[in-house]
Every structure is written in C-alpha cells, then in structure tokens.
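Take a look at the model below. This report walks through one chain, its partner and the DNA beside them.

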There are 2 protein chains.
Amino acid sequence: MPARPRDAASTRDDLLDAARRRFAADGYDRTTIRAVAGDVGVDPALVIRYFGSKEGLFTRAADLDLGLPDLTGVRAGDLSKVLVDRFFAVWEGDPTFLALLRAAATSEVAADAMRGVFARQVGPALAAVTDDRAPERAALVGATVLGFALGRYVLRLPPLVAMTRDQAQAWLGPTLRHYLLD
Amino acid sequence: MPARPRDAASTRDDLLDAARRRFAADGYDRTTIRAVAGDVGVDPALVIRYFGSKEGLFTRAADLDLGLPDLTGVRAGDLSKVLVDRFFAVWEGDPTFLALLRAAATSEVAADAMRGVFARQVGPALAAVTDDRAPERAALVGATVLGFALGRYVLRLPPLVAMTRDQAQAWLGPTLRHYLLD
DNA sequence: CTTTCGTGTCAACACCTGGTGACTTATCCT
DNA sequence: AGGATAAGTCACCAGGTGTTGACACGAAAG
C-alpha cells in the first residue's frame, strides 16, 4: 500500500470526494465523520481540523456548480433539450447533487444550499430566456427536475429508472417549455 | 393535568399521531423514540412494546391513504383539477405524506412504502383514464406532484410557497394533462 | 544536527440512541 | 374484596456520535 503523501491539499480534496459519495448514498444523518475519514484512510479528528464540524464538511462538499450555459439566443425549441442534457450530465456524472437532494430533505442547511442554487444559478440562467416571472418559472422548472430526480435516483420508481434519455427528453420537453414560455 | 386514561388503543393512536408529526418535521433519523413518547407523555419503552422497533413505528405511522376517487368517466378537462384538489387535501391536511417524503430520502423502508403507494394507489387510479402505459404515466404524474411538494413544503422555495391553489392549478394542469393523455 | 512547523494520530470526553427485562400500578371480573 | 391481567414505568446496557486537546512524526530550513 503506497503511503499517503503528506499533502494537506490533496487530503482535503480526497475527504471532500469521499464526503460527497457518502452524503449522496446515505444522506446527512447516516453519514458519519468516521466513515468519511475511513474511506480516505485518515483519522476522524483530521476532518474536524480541516472543516471545523460535520456541518462545515457538508457545506464545502455540497458547494456545487450546475454549469448552466448562457441561454441567450438559444432557440425556444432547443431550450428543453439543452436543459435535459445538462440534467443528465449533472445527475449521473457527479454525486454532489444527489447528496444535496438527500440531505435537503432533513437538514435545514442543505435546504438553504439548495435554495441558493436556485437563486444564484437556475433563476439567472432562465432569466435570459423568459421575459417575466423568472423566479416563478425557475422554481417550477426546478420542481420538475427535482421531482424527476427524486423518482429516478432516490425512490427508483421502475418506469423512471427504465427511461432512456431520449424518452425523458420527449416527456419533459413539453413540460419545461410550458413552464418557460407560457 | 388530567391523568391519561389507561387505554391501550387510544395511547397507540396518540403515539402514531405524534410519530407522524415528528417524522414529518424532522425526518426519520432525527426523530427519536424518546421524543415521540415524550410528546404523548409516556415512557419510551412503551413505544417498543407496541411497535417492536423504530422501523415498526414508522411503518405503521406511514401507512397512508391518498383517497383518490374513481376517475372513470371524469372528463379529460377536469382530470387535473381533481388531482390538484386531492393534492392539497392530502399535503396540507395530514402530516403523513410529508413524513413519508422526508423519510424516503434516506430510508430504504420509506422509499419502499412510497413505491407501494404508487403501485397500489396512483397507478390503478390512473389506469382508469389512460389506455396505455399506465405505470409510466403514473410515475410521471408522481414525479410532478412530489417535485412540487418538495419545492413547496420541504425546500420552501419562495415562489412555490407563495402560490395559491388556483395558480398551482393553472401551472400544473397542462403538465398533468400532458402526462396523462399525450 | 537541531529547530520548527505543518500534517496527522491517539485516547478520551460527554452525550445520545434504540432496545431489554424486571418491576409497579391501575382496571376489570368474579 | 381480591386476585388476574393489561398498561405503563424504571433502571440499565451496549454501542455509536461529534468533538477535543495533547501528542508523535516527518520534512524542510537554519
């Protein structure tokens, strides 16, 4: 077993990675500092040293970037395709958002982080393509996306799990268009 | 303070009521048997005696009935109104569904209970009005409804919290119609 | 070589959790 | 009245939690 290099920066990153996976799989409460530290092969006390507390660890781990592109000039017909593509990239490529969703169900700091994502990322991105009521539209789009993610990745409702990207695209497209443009 | 009558049946009911409120407010993990027993003014050991375990308590507490009416013969244009009305009745009148949603994010038994609700209540009810792909349609309707509930009652996204029933009706109506009939 | 300092470990704390089994107390039946 | 039985209490356990402060190690600087 190669000795872990004594490099604080990479240890920190490893801890954040492990934390994201644990929070995503187990939720906030069932994720223990000991387990996260164990995944990295490090003492639990180190986690507290670096992040102050479990809540601090979560806050750093759940700081996520949706990577929404600038939607200005995207044709109305292509909007939902762009959004659904982004959805799959975010949800299937990175455990962070699942961690945030799971945790947000019970933790107020996680719910707050989620509200921040909408206020600082979804809302502004959609404001570029809707002339009015951007916050309302962003919230409805968010509810749609989160509902789908909840059903597919958390509850694992069989019809949603079985759905291909194209099928999801076909179903969600008109809904998103409705919330964005009507 | 009037002495609590030594009536097992009503004590059981009181415990289930308190459990529903606690699970709804705090989620599965943060709800403690001691807190539930304390709400009722009873010894924690009694909870175990009646329900076997915390999981047993949750299972009984989360056994819910959506009360979906028979949709046969409901005109297509009225379908979404019926469903949204039912939504508000269930979500704002009874903490049970919120408890189930919060818990389902982290507990596998809760997620299973939720899948059961879809398989035994939502699916069959919707099968009466859709000729094909009833499970898929039920899952999409469920994702829509759960997403809205998540945004409004759990994350408390301001635009969703501020929404009146009529506004919710106006936004969700076309979406539900799309999932049910297209 | 010694000092210094960042990196990480160790042992322990105070507390809370679900759960158990023996006990007490109220209620009902004869 | 008095005993049987249901209803509820009590003290306790074993294990796990976040968090703490003192300590050990290793590399880089003087």
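How many helices and how many strands make up the secondary structure of chain A? Chain A has ten helices and zero strands. Helices (H or I, at least four residues) and strands (E, at least two) are DSSP runs, numbered from the N terminus. This is a predicted model, in which local features need pLDDT of at least 70, side-chain atom pairs count only at pLDDT 80 or more, and totals for chains, interfaces and linings use all residues. Residues are numbered from 1 along each chain as its sequence is written, while chains are lettered from A and ligands numbered from 1 in the order in which they are written.

**Chain A as a whole**

The C-alpha atoms of chain A fill a box of roughly 55 × 35 × 30 Å, taken along the principal axes. Of its 182 residues, 39% are buried. A residue is buried if 20 or more other C-beta atoms lie within 10 Å of its own, exposed if 12 or fewer, and partly exposed in between; C-beta atoms are placed from the backbone. Now take contacts in chain A between residues at least 6 apart in sequence: 64% of them join residues at least 24 apart. Two residues are in contact if their C-beta atoms, placed from the backbone, lie within 7 Å.

**Where the two chains meet**

Here 32 residues of chain A are in contact with 33 residues of chain B. On the chain A side, α1, α6, α7, α8, α9 and α10 each supply at least two residues. The most come from α8(A), with 13 residues. By class, this side of chain A has 19 nonpolar, eight polar and five charged residues. Ala, Val, Leu, Ile, Met, Phe, Trp, Tyr, Cys and Pro count as nonpolar, Asp, Glu, Lys and Arg as charged, and the others, Gly among them, as polar.

How are the two chains related? Two copies of a chain are related by a rotation about an axis and a shift along it. A rotation of 180 degrees with 0.0 Å of shift superposes chain A on chain B, at RMSD 0.0 Å. Therefore the relation is that of a two-fold axis. The superposition is by least squares on the C-alpha atoms of residues with pLDDT of at least 70 in both copies. In chain A, the C-alpha nearest the axis belongs to A:Gly147, 1.8 Å from it. The same surface serves both copies, as 100% of the contact residues of chain A recur in chain B.

**The DNA strands**

A residue is near a strand if its C-beta atom, placed from the backbone, lies within 6 Å of it. The table sorts the nearby residues by class.

| Strand | Nonpolar | Polar | Charged |
|---|---|---|---|
| DNA strand C | eight residues | three residues | seven residues |
| DNA strand D | eight residues | three residues | six residues |

Of the 18 residues around DNA strand C, A:Ala8, A:Asp43, A:Ala45, B:Thr32 and B:Ser53 come nearest. Around DNA strand D there are 17 residues, and the nearest are A:Ala45, A:Ser53, B:Ala8, B:Asp43 and B:Ala45. For strand D, α3(A) gives the most, with three residues.

**Two helices of chain B**

Is α8(B) enclosed or open? Of its 21 residues, 18 are buried, so α8(B) is largely enclosed by the rest of the structure. B:Arg156 follows α8(B) and has a positive phi, near 55 degrees. B:Val161 lies in helix α9 of chain B. With 12 C-beta neighbours inside 10 Å, B:Val161 counts as exposed. Leaving aside neighbours within four places in sequence, B:Val161 is in contact with B:Arg152 and B:Arg156.
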